[in-house]
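Biologist: Got a minute to walk me through this one? I'd like to go through it piece by piece.

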Amino acid sequence: MQDILNDIYTTMLSRTDRGQVANYIPQLACVNPEQFAITVALPDGQVFSAGCAETLFSIQSISKVFTLTIALGKLGDAVWSRVGREPSGDPFNSIVQLEHENGKPRNPFINAGAIAVVDAIMMGHQPRETLGEILQFVRFLANDESIGIDEKVAQSELTTGDRNAALAHFMAAYGRMKHPVDQVLGTYFHQCAISMNCLQLAKAGMFLVSDGVNKHTGIRVVSAQRARRINSLMLMCGHYDGSGEFAYRVGLPGKSGVGGGILAVAPGKASIAVWSPGLDSIGNSKLGTEALEMLVQHTGWSIFGH
Ligand SMILES: NC(=O)CC[C@H](N)C(=O)O
């Protein structure tokens, strides 16, 4: 495995077109696009990495996997009265479907859906408490108490977050927000600003590899059925309007973020985190996707076969 990762790393180093860093969040625009990291965590406890796997980055929308998991734990199937489970085929920050579909977001991974999920898990609490809960859950998943929030990134998004504010207010107009919009948005921006490295992220994904049990800690996080369902949502919706392309090229459940990270799950085999800040036109990590494509070619881990 180490040889495969070294090979991927060397290939990625040679790439000249690395995509564009997200520039609509000024703090993310400052990140050096030359960086690349990959970590593969196996259920037997082995962890392999190449590149700067200990460098922290903004997990952004990857956090939506963790908040969905919390929401399912708190609300069970009632989550699905707040968000749907279908791919949107539209960009992550799109508003168009909301008007046609009664203010109900298509899925929990587009921005509107993730904002609705945060509103659902707040349950009358203040943003600080909800954020504490999210952070605690991520630390528990990764078995790492050092994980925190990059306040600069959160503030940067807060001051440029008109688009997300529009989504939240639009949903509120349909009576779909139970908490003040500014509180929900503040919580959402901070959850997206969680900083992790590839090592931590791969470990946090372990519970989705082995039917809901994190084999590194031996703790059951969710039921096997729930893990399977989260994986299928990641496969269908985790890369927005690029989900079909990602399934075609990589064939694994995956969730991307505009910080350039991707968490991918090879059920029964491995949890994989990749990071390269440059994005493709859809907002998914360009080299991250390429690296995962190489990895499945070498390992045969695609859920669709070799
Ligand atoms: N795709 C993403 O990672 C988007 C998350 C980002 N925080 C936003 O709301 O725009």
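**Strands, domains and the ligand**

Modeller: Let's start with a strand pair: strand β1 (residues 37-41) and strand β2 (residues 47-51) run antiparallel and are joined by 5 bridges. Strands here are DSSP runs of E with at least two residues, helices are runs of H or I with at least four residues, and both are numbered from the N terminus. Two strands pair if DSSP finds at least two bridges between them.

Biologist: And where do these numbers come from?

Modeller: This is a predicted model, where local features need pLDDT of at least 70 and side-chain atom pairs count only at pLDDT 80 or more, while totals for chains, interfaces and linings use all residues. Residues are numbered from 1 along each chain as its sequence is written.

Biologist: Ok, back to that pair. Which residue is the bridge partner of I38 in β2?

Modeller: A50 is the bridge partner of I38. β1 and β2 form a hairpin with 5 residues between them, and G45 in the turn has a positive phi of about 100 degrees.

Biologist: How many bridges are there between β1 and β10?

Modeller: β1 and β10 pair over 5 bridges, in the antiparallel sense. V40 has I272 as its bridge partner in β10. β9 and β10 also pair antiparallel, over 6 bridges, and there A264 has I272 as its bridge partner. β9 and β10 form a hairpin too, with 3 residues between them, and G268 in its turn has a positive phi of about 80 degrees.

Biologist: Is β10 mostly covered or exposed?

Modeller: Mostly covered: 6 of the 6 residues in strand β10 (residues 270-275) are buried. A residue is buried if 20 or more other C-beta atoms lie within 10 Å of its own, exposed if 12 or fewer, and partly exposed in between, with C-beta atoms placed from the backbone. A270, I272 and V274 point one way from β10, S271, A273 and W275 point the other way, and all are buried.

Biologist: I272 keeps popping up. Which residues touch the most other members of the largest nonpolar core?

Modeller: I272 and L292 do, in a core of 94 residues. Such a core is a set of buried Ala, Val, Leu, Ile, Met, Phe, Trp, Tyr and Cys residues joined through C-beta atoms within 7 Å. Helix α5 (residues 111-122) gives the most to this core, with 9 residues. The core lies between domain 1 (2-59 + 196-299) and domain 2 (61-194), because both give residues to it. Those domain bounds come from an automatic or database domain assignment.

Biologist: And what does L292 touch?

Modeller: Not counting residues up to four places away in sequence, L292 touches V250, L252, I262, A264, I272 and V274. Contact is when the C-beta atoms of two residues, placed from the backbone, lie within 7 Å.

Biologist: New topic. What separates the centres of the two domains?

Modeller: Taken over C-alpha atoms, the centres of domain 1 and domain 2 are separated by 20 Å. Their contact takes 35 residues from domain 1 and 33 residues from domain 2. On the side of domain 1 that touches domain 2, α11 gives the largest share, 6 residues. By class, that side has 19 nonpolar, 12 polar and 4 charged residues. Ala, Val, Leu, Ile, Met, Phe, Trp, Tyr, Cys and Pro count as nonpolar, Asp, Glu, Lys and Arg as charged, and the others, Gly among them, as polar.

Biologist: What about the ligand, which residues surround it?

Modeller: Q60, S61, F92, N93, N111, E157, N164, C192, G257, V258 and G283 surround the ligand. A residue is near a molecule if its C-beta atom, placed from the backbone, lies within 6 Å of it. The shell around the ligand has 3 nonpolar, 7 polar and 1 charged residues. Domain 1 and domain 2 both give residues to that shell, so the ligand lies between them.

Biologist: Last thing, backbone oddities. What's the phi of N102?

Modeller: N102 has a positive phi of about 60 degrees although it is not a glycine. N102 sits in the loop between α4 (96-100) and α5, and it counts as exposed, with 10 C-beta neighbours inside 10 Å. D211 is not a glycine either, and has a positive phi of about 55 degrees. D211 lies in the loop between α10 and β6 (213-214) and is partly exposed, with 17 other C-beta atoms within 10 Å.
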